[in-house]
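Student: I would like a close look at a single part of this model. Please take one strand and its surroundings, then set it beside the rest.

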There are 2 protein chains.
Amino acid sequence: MDRLIEAIEHAQNPSVVGLDPTPALVPPQVVSAFADEVRESIEDTSELYAAQLAVAYFEFNRAIIDAVADIVPAVKPQIAMYEAIGPAGVDAYTMTCEYAQQQGLYVLGDIKRGDIGSTAAAYAGHLSGVTDLAGDGEPAAYDPWHEDAVTVNPYLGTDGITPFVAAAAAADKDIFALVRTSNPSSKEIQELELADGSRLYEHVADLVEGWGSETIGAHGYSRVGAVVGATHPQEGAELRRRMPHTFFLVPGYGAQGGTAAGVAGMFDADGSGAIVNSSRGIIGAWKKTGDYREDMDAETALDLVASAARKAAEDMRDDLRVAVYR
Amino acid sequence: MDRLIEAIEHAQNPSVVGLDPTPALVPPQVVSAFADEVRESIEDTSELYAAQLAVAYFEFNRAIIDAVADIVPAVKPQIAMYEAIGPAGVDAYTMTCEYAQQQGLYVLGDIKRGDIGSTAAAYAGHLSGVTDLAGDGEPAAYDPWHEDAVTVNPYLGTDGITPFVAAAAAADKDIFALVRTSNPSSKEIQELELADGSRLYEHVADLVEGWGSETIGAHGYSRVGAVVGATHPQEGAELRRRMPHTFFLVPGYGAQGGTAAGVAGMFDADGSGAIVNSSRGIIGAWKKTGDYREDMDAETALDLVASAARKAAEDMRDDLRVAVYR
């Protein structure tokens, strides 16, 4: 986790921009602008609009990355948004990850993967910087996903996580396991009271702290982080004390109701220990400027997306600085 | 779930072939055979071997699908194995799904996705047969993943599942939620004793039965199935009684230790209610024949893969018939 922590310190900004495009978040003239370009390369017309969207998603992300790369330490593309449009979307996802890395950003792939042992090892390929794909004892550089960290689901238990930890350690990368998610229904399972009086998410928290125990870095945090929703301020503060070597990824800020004051307790006494994600609040900020016009050309619309995203990212940074760097 | 149940009845075979290729399961001459073909289309030589593997995985799967399509009702490609080699692998995954559907097979995509509401809705795009991607009120046929069902992870709760159920109902497809997985570490979380004396997996089982309650089909099972490992025969039999409208996907047969007698209790009194997966036992059967030679050409090696897979699938079918169709 040292690379992420140092990037946060450098920017004095514990926030990450969620790159979660949807058809409604990308200005329509940007999507239209690529109609001719993709029409030539698509055989099946049913795939035309998806191919346009895939190109538009990448251009939209690139505009935002260029606008925020000097003020935020990291981006978090949510792969679901890309899978929604099929394999063409997956290509837009990896292109986005690669471009963000090239601009010096730490890329947190929100993929929430999880499976049993041998299958988890296959998913851990997301983190392989160097792989012996051929099994001939001669590993070669191959990093097709371009992620610095990924999110994982803990429901399968330790043997579903160990392969990710091993891959992360080998490639100087990290993982974040779901502990307490930001959504309303998360209470149905995560808050269940166990026979010993604790809650399920507390039990998972203890497992997560243990999964990281062999990989604690120079800044005191392990390679196994935890996802703790901004919508649970008190639980988040308790988990901060319960998991002293576990870095937190905090989603649910802004659109879902989390506030800077609410997440302050998820940071440690030095103002480290967590990074807060905002997606729609930043990438959709252009919709609230009042400056958008339907007759703008694509380039002008992307300029608006970029300037609004930068302003929203600065506002979030400043709010977090006040709340966290006490 | 009616389409799957009718396919099982037609084949008189409640088994599904797991299409989980790895570099070790594909004969090396098959991988080599595509070196020249892919070299022309690859710019980055570090991607060459992955591209070869992707083509080889598809050809390997095609040989197996052709060999078993008339005796099994379904296949279950595990997307982790394809993601392990990057986006090229994802293309091999969707090509495999499409080819299997073309041969009349029900395709169960083992993707174990799960996220919060709006993100789960994006993942549910895996099941969209018809989508209004453009948001213009004019849905068009677009099904890039070619899956008839997908597996999902329940840790996020109801709002992470509802979008999948809606997509499944709209497209006459199904989902299977993890309840009790086959791996050793599954007990760390899934077997936890709750304050009311039940186990966590039993609580999840009740949620799953509820998630399906509005989608019960002609054969008495809903569109929301459950994943219950073959390695837990007694718990599986108890879950069968606890979840009367929930169809089971049973992994862990063969290589992981599950037996036909052990899974018999996961079926209902009519011999329906479950489908049992075997992956390595079928797709890797060629390695145990004693007939493989290193100097075989690729075509001969694929013939061996196919004939061994068919024999193993027949053996599994016959074992299950004896145990299940009492």
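Student: Which residue in β10(B) does B:V17 stand opposite?

Tutor: B:V17 stands opposite B:S278 in β10(B). Note at the outset that this is a predicted model.

B:V17 belongs to strand β1 of chain B, and the two strands involved, β1(B) and β10 (residues 274–278) of chain B, pair in the parallel sense over 3 bridges. β1(B) has another partner in strand β2 (residues 74–77) of chain B; here too the sense is parallel, with 4 bridges. In that pairing, B:L19 is set opposite B:P77 of β2(B).

Strand β1 of chain B covers residues 15–19 and is mostly covered, with 5 of its 5 residues buried. Its side chains part in two directions: B:S15, B:V17 and B:L19 point one way, while B:V16 and B:G18 point the other way. Both groups are buried.

Elsewhere in chain B there is an aromatic pair to look at. The structure holds 12 such pairs over all chains. In one of them, the ring centres of B:Y221 and B:F247 are 5.5 Å apart and the planes stand at 90 degrees; planes over 60 degrees apart count as edge-to-face, so this pair is edge-to-face. The pair links distant parts of the chain, as its members are 26 residues apart. B:Y221 lies in the loop between α10 (200–211) and β8 (224–228) of chain B, and B:F247 lies in the loop between α11 (233–242) and β9 (248–250) of chain B. Buried means under 20% relative accessible area. B:Y221, at 5%, is therefore buried, and B:F247, with a relative accessibility of 1%, also counts as buried.

Rings meet charges as well. The charged end of B:R240 sits over the ring of B:F248, 4.1 Å from the ring centre. In chain A, the ring of A:Y99 has the charged end of A:R62 over it, at 5.9 Å from its centre. Chain A also has an aromatic cluster formed by A:Y57, A:Y82, A:Y93 and A:W145.

Finally, the two chains themselves. A turn of 180 degrees, with a shift of 0.0 Å along the axis, lays chain A on chain B with an RMSD of 0.0 Å. The two copies are therefore related as by a two-fold rotation axis. The same surface serves both copies, since 100% of the contact residues of chain A recur in chain B.

Note on methods
Residues numbered from 1 in each chain as written. Chains lettered and ligands numbered in written order. Predicted model: local features only at pLDDT ≥ 70, side-chain atom pairs only at ≥ 80, totals over all residues. Heavy atoms only, no water. Least-squares fit on C-alpha atoms with pLDDT ≥ 70 in both. Contact = heavy atoms within 4.5 Å. Phe/Tyr/Trp six-rings, centres within 6.5 Å; stacked < 30°, edge-to-face > 60°. Buried < 20%, exposed > 50% of the residue type's maximum accessible area, 1.4 Å probe, protein only. Lys NZ or Arg CZ within 6 Å of the ring centre and 35° of its normal. Pairing = 2+ DSSP bridges.
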